[in-house]
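Thank you all for coming; I would like to walk through one structure this morning, going from its strands to a helix and then to a pocket. Please have the sequence and the model open while I talk.

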Amino acid sequence: MKNILHRITNWEAWPFGILYAPLSVFWLWYIIRSRAVWFFTSSNPKITFGGLEGEPKKEMYDLLPKELYPPTFFVSANEAISSVEQQLTTHNINFPFIVKPEVGEQGVLLRKINNQNELIHYHTLMPWDYIVQQLVQYPMEVSVFYIRHPKESRGVVTGFLHKMPLQVTGNGTDTLQRLVMQHPKGNKQLALLESKHKENWLQVIPEGERYLLSYAANHNRGARFVNLKHAIDDQLTALFDGISSTGNEFYYGRYDIMCSNVEDLKAGKNFTILEYNGCGAEPNHFYDTGYTLLGAYKEILKHWKALYQISNYNRQQGALPWSFSRGRKFLAASRKVGAERKALDLKMG
């Protein structure tokens, strides 16, 4: 009974559908007002489906200046491994590096590749196009939620988080398996984590050693968030005004960034953009940061209102939302492939 009550009251761990279900009436109201089911596709006109889901990451990287993201190249599913190895040399990317699906979400099939054997293993099993990206060594990962109405020159940073990927600390006695079982978030992903870390699963982790369980700093992957709201100021906002106003038309979404520290980021140095997530990005700063459920709902609705206003304005300027049939077919195909990716993610280890 105690466990059941904890699951009920711990709203941050609720499945996405249950958490958002009470707000569906508000989303329906925006659909009715817009007279378009996929009204949000006008929010970021240069990104497929507005960035809700299923958008190719290449679109985002092509819209950013190359100096703002790590050395990156794209691999076709049917490409020869010799070609991939040649591109590593061409782009000056060394082991270890990161690989992830060209169309993906929530860290599914994201891997750190340490050597040639791991690259061959990933490439052989991967049936979809993917991205190779140099591993970034900056010590701090942050996310910045940025919104700018298209008719305004200045936007607003609504959320600023320090994201710490899922990890455990050894005590010199317990195995990795035992440490994960004792972790309040890790113990909910035992099967996935055992698959990924089977070589070390029964090894004792030395005392004080931090063992990284996931390189994807996503809430659903067990990451811990620390609110940096106090650090939001005009300098930070001006930085993202500049990044989002270089012809790329990023109006609504979240930047995931690696940096040396907050002050360097504000000064526009020692940082790199890992990804930009469009209208499908959660305002994830309500997780782990002291929000009540009511407070989280207020934050979501505030963002949805801005999303509607931006989409409506862009529509008036000629960026028409997707037709119902086009969006339905796209979403169905995206979710079918998404389910296949999650199955492979568990199998690949």
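Two strands count as paired here if DSSP finds at least two bridges between them, and please keep in mind throughout that this is a predicted model. With that in hand, strand β6, residues 156-164, is joined to β9 by 4 bridges, and the two run antiparallel. Two positions show how they line up: Leu 161 has Asn 227 of β9 as its bridge partner, while Met 164 stands opposite Arg 224, also in β9.

On its other pairing, β6 is joined to β5, residues 140-147, by 7 bridges, and this pair is antiparallel as well. Here the bridge partner of Val 142 is His 162 in β6. As for its surroundings, β6 is mostly covered, with 8 of its 9 residues buried.

These strands belong to an open sheet of 5 strands, in the order β9-β6-β5-β10-β11, with antiparallel pairing. Its edges are β9, residues 224-227, and β11, residues 271-277, each of which pairs on one side only. Neighbouring strands of this sheet are turned by 30° against each other on average, if direction is ignored. As a general reminder, strands of a sheet pair through backbone hydrogen bonds, either parallel or antiparallel.

Let me move to another strand, β2, which covers residues 97-101. Which way do its side chains point? Phe 97, Val 99 and Pro 101 point one way from β2, whereas Ile 98 and Lys 100 point the other way, and all of them are buried. That fits the general rule that in a regular strand the side chains alternate between the two faces of the sheet. β2 has antiparallel pairings with β3, over 3 bridges, and with β4, over 5 bridges. In the pairing with β3, Ile 98 has Lys 112 as its bridge partner, and in the one with β4, Val 99 stands opposite Val 132.

β2 also leads us to helix α5, residues 81-90, whose buried residues are Val 84, Gln 87 and Leu 88. Why do these three lie on the same side of α5? They cover an arc of only 110° around the axis, and so they share that side. In general terms, an α-helix has 3.6 residues a turn, so residues three or four places apart point the same way. On the other side of α5, Thr 89 and Thr 90 are exposed. The cover over the buried residues of α5 includes β1 (72-75), β2, α6 (116-125) and β4 (130-134). Just after the helix, Asn 92 takes a positive phi of about 55°.

Finally, the second largest pocket, which has a volume of about 680 Å³. Its lining is made up of 23 residues, and those that lie nearest its centre are Lys 112, Asn 114, Glu 118, Lys 196 and Gly 349. The elements that give two or more residues to this lining are β3 (111-113), α6, α8 (190-196) and β8 (210-212). Two links back to what we have seen are worth noting: Lys 112, the β3 partner of Ile 98, is among the residues nearest the centre of this pocket, and α6, which is part of the cover over α5, also contributes to the lining.

Methods:
Residues numbered from 1 in each chain as written. Predicted model: local features only at pLDDT ≥ 70, side-chain atom pairs only at ≥ 80, totals over all residues. Heavy atoms only, no water. Buried < 20%, exposed > 50% of the residue type's maximum accessible area, 1.4 Å probe, protein only. Arc of directions from axis to C-beta. Contact = heavy atoms within 4.5 Å. Axes fitted to C-alpha atoms, helices over the stretch in contact; angles between N-to-C directions. 1 Å grid on protein atoms, 1.4 Å probe; cavity = no way out; pocket = protein on both sides within 12 Å on 5 of 7 lines; lining within 4 Å. Points joined across faces, edges and corners; volume = space filled by probe spheres on them.
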